[in-house]
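Reader: Please go through how the helices and strands of this chain are arranged. I would like each answer to end on the value or name I ask for.

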Amino acid sequence: MRVFISADIEGIATTTLWDQCSKGQIGYAEASDEMTKEVVAACEGAIAAGADYIRVKDAHGSGTNIDPQQLPECVELTRSSCGSPWSMVYGITDGFDAALFIGYHAAAGREGNPLSHTETKSTVYVKLNGEKCSEFTLFSYAAAMAGVPSVLVTGDQMLCDDVADSRPALIALPVKRGYGGSTTSLQPKKAQKLIREAAEKALRQDFAGKVVELPKHFTFEICYKEHTQAARASFFPGFKKIGDNTVLMETDDFYEVMRAVVWVL
């Protein structure tokens, strides 16, 4: 069984402040270590379920957060970015049976995590077909384009509540919850244990062919904090301004949404 894992940092058990998510800042070393350990836990669960090859995409910031030395031998790690529209799931088109999303977080404009955002901190919200859109929503749809079912997401309670019933075979595991600027988290070793168990459970279920059906049409709306960013984004092909701070694109092709994300978020 071939398993793809996309990993982020704002949804791991221990992050609350932006400094923890930024290289060179106070708390980052501990956060990147926890990110690594939560990914390792997911890998161990996947191996217990029968995975013999795992590709991990380090999908946060510079893409150089995960410690390769801690990963099991059957894992290959993709680091940094080549600029591809596949972005946080770059490499998933190489053929995988299932996708796991570790350390993901609530969408921009959602209150369940002080680190809520979608790709950038510069937006008030990002909406896909009228709903506030998380990175999980974007990239689990991307996985679906590659024919890969999303079977596990871990992160904050808000994200898990928002997406739990949105994918046919998805298990959503919260490791923390947030309100305002605060978070309340599981003890990290407990979070790792639960992730290991959830990954094994997700990959032992009958998920074959349970790929979410993509909508036939997409409206992609972005409200920026600064009107200058909306003006700039309005020149990207397919976008138009619909307000001082807001742009909109409509398309039947989700790849065009993915392409736009690279340039306008």
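The turns below deal with the sheets, then with the helices, of what is a predicted model.

Reader: In what order do the strands of the seven-strand open sheet run?

Author: The pairing in this open sheet is mixed. Its edge strands, each pairing on one side only, are β3 (75–78) and β9 (182–185). Neighbouring strands are turned against each other by 20° on average, direction ignored. From one edge to the other, the order is β3-β2-β1-β4-β7-β8-β9.

Reader: Which residue of β4 is the bridge partner of Ile5?

Author: Strand β1 covers residues 2–7 and strand β4 residues 98–104. The two pair in the parallel sense, over five bridges. Within β4, the bridge partner of Ile5 is Leu100.

Reader: What is the strand order of the five-strand open sheet?

Author: Here the pairing is antiparallel. The edge strands are β6 (131–132) and β11 (239–243), each of which pairs on one side only. The order is β6-β5-β10-β12-β11.

Reader: Which residue in β10 is the bridge partner of Tyr125?

Author: β5 and β10 run antiparallel and are joined by five bridges. In β10, Tyr125 has as its bridge partner Cys223.

Reader: Which residue in the hairpin of β5 and β6 takes a positive phi, and near what value?

Author: β5 and β6 pair in the antiparallel sense over two bridges. Leu128 stands opposite Glu131 in β6. The hairpin has two residues between the strands. The residue with the positive phi is Asn129, near 50°.

Reader: At the other edge, which residue of β12 is the bridge partner of Lys241?

Author: β11 is joined by four bridges to strand β12, residues 246–251, and the two run antiparallel. In β12, the bridge partner of Lys241 is Val247.

Reader: At what angle does α6 run to β10?

Author: Helix α6 covers residues 254–264. It lies across β5 (123–128), β10 (218–224), β11 and β12. Its angle to β10 is about 15°.

Reader: How is α2 placed relative to α6: parallel, antiparallel, perpendicular or oblique?

Author: The axes of helix α2 (residues 135–145) and helix α6 come within 10 Å and cross at roughly 135°. That angle makes α2, relative to α6, oblique.

Reader: How many nonpolar residues are in the contact of α2 with α6?

Author: α2 passes α6 in a left-handed crossing. The contact is made by Leu138, Tyr141, Ala142 and Met145 of α2, and by Phe254, Tyr255, Val257, Met258 and Val261 of α6. By class, the contact has no polar and no charged residues, and the number of nonpolar residues is nine.

Reader: At what angle does α2 run to β4?

Author: α2 lies across two strands, β4 and β7 (150–156). Its angle to β4 is about 165°.

Reader: What span should helix α1 have, given its number of residues?

Author: Helix α1 takes in residues 28–48, which is 21 residues. Its end C-alpha atoms are 30 Å apart. At 1.5 Å a residue, this agrees with the expected span, which is 30 Å.

Reader: Which residue just after α1 takes a positive phi, and of about what value?

Author: The position in question follows just after α1. The residue is Gly50, with a phi of about 115°.

Reader: How many charged residues are in the contact of α1 with α4?

Author: α1 and helix α4 (residues 188–204) pack at an angle of about 35°, with their axes 7 Å apart, and the crossing is right-handed. Residues making the contact include Glu34, Lys37 and Glu38 of α1 and Arg196, Glu200 and Arg204 of α4. By class, the contact has nine nonpolar and two polar residues, and the number of charged residues is seven.

Reader: At what angle does α4 run to β8?

Author: α4 lies across β1, β4, β7 and β8 (171–179). Its angle to β8 is about 150°.

Conventions:
Residues numbered from 1 in each chain as written. Predicted model: local features only at pLDDT ≥ 70, side-chain atom pairs only at ≥ 80, totals over all residues. Heavy atoms only, no water. Axes fitted to C-alpha atoms, helices over the stretch in contact; angles between N-to-C directions. Parallel < 35°, antiparallel > 145°, perpendicular 65-115°, else oblique. Left-handed = near helix turned anticlockwise from the far one by under 90°. Contact = heavy atoms within 4.5 Å. Nonpolar A, V, L, I, M, F, W, Y, C, P; charged D, E, K, R; others polar. Pairing = 2+ DSSP bridges. Expected span 1.5 Å × (residues − 1).
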